[in-house]
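Subject: Structure for you to look over

Hello,

Here is the structure I promised to pass on. Please open it alongside this note; my findings follow.

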Amino acid sequence: MIGPRLAGKIGVRRLLVLTAAAAAAGFLVLTRLPASGYSPVLFVVTLIGFGTAGTALGSTVLASRGMADADQGLVGGMINTSRQIGAAVGAALLPAVAVSVSGGMQGGGVSGDRAAMFAAALAALAATAVAWRAARPVPARAAS
């Protein structure tokens, strides 16, 4: 409910950049949390959730913009399929990063977990750059 209002208020491009940057910031904070004791995990995970949800909304809006009504279902299906494949690849790669950094230790260890969150932050930063570039208005082509 908040996403469409926010997109209407600040624009889809700013929403994409803001939310992708929020996810990246959340993952970067996860790399700095203490291994034990009190930490703001709930806030950080909420920040990451806000970021990923906002990028899902923004990318759907951008991808379906200008499409015929009859093609909206196809576009939505392609977007959601690609998001699910990306999530599956990330869910497979991040634990692999954690285990490889911690020297093959099962469970990853703190340094491996932080490396995995850093890799996720890099992916979110790349998404921020893509959002910045992809959301730019495309100049109209001259009719030939």
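Thr-31 counts as buried because its relative accessibility is 8%, and the cut-off for buried is under 20%. Do bear in mind that this is a predicted model. Thr-31 sits in helix 2. Beyond its neighbours within four places in sequence, Thr-31 contacts Arg-114, Met-117 and Phe-118.

Arg-114 turns up again with Leu-33. Setting aside residues up to four places away in sequence, Leu-33 touches Arg-114, Ser-39, Pro-40 and Val-41.

Leu-33 also belongs to the largest nonpolar core, which has 10 residues. The other members are Ala-23, Ala-24, Phe-27, Leu-30, Val-44, Ile-48, Ala-120, Ala-121 and Ala-124. At least two residues come from each of helix 2, helix 3 and helix 5. Helix 2 gives the most, with 4 residues. Another core lies apart from this one. That core has 6 residues, including Val-12, Leu-16, Val-17 and Ala-131.

Now the pocket. The largest one holds about 810 Å³ of space. Its lining counts 27 residues, and those closest to the centre are Thr-52, Thr-55, Arg-83, Gly-86 and Ala-127. Which helices each supply at least two residues of that lining? They are helix 2 (12–32), helix 3 (41–64), helix 4 (72–101) and helix 5 (109–134). By class, the lining has 18 nonpolar residues, 8 polar and 1 charged.

Send me your comments when you have had a look.

Best wishes

Definitions and conventions
Residues are numbered from 1 along each chain as its sequence is written. This is a predicted model: local features need pLDDT of at least 70, side-chain atom pairs count only at pLDDT 80 or more; totals for chains, interfaces and linings use all residues. Side-chain values use heavy atoms; hydrogens and water are left out. On a 1 Å grid over the protein atoms alone, a cavity is a set of points where a 1.4 Å probe fits but cannot get out, and a pocket is an open set with protein on both sides within 12 Å along at least five of seven lines; lining residues have an atom within 4 Å of a point. Grid points are joined across faces, edges and corners, and a volume is the space filled by probe spheres set on the points. Ala, Val, Leu, Ile, Met, Phe, Trp, Tyr, Cys and Pro count as nonpolar, Asp, Glu, Lys and Arg as charged, and the others, Gly among them, as polar. Buried means under 20% relative accessible area, exposed over 50%, partly exposed in between (1.4 Å probe, protein chains only). Contact means heavy atoms within 4.5 Å. A nonpolar core is a set of buried Ala, Val, Leu, Ile, Met, Phe, Trp, Tyr and Cys residues joined through side-chain atoms within 4.5 Å.
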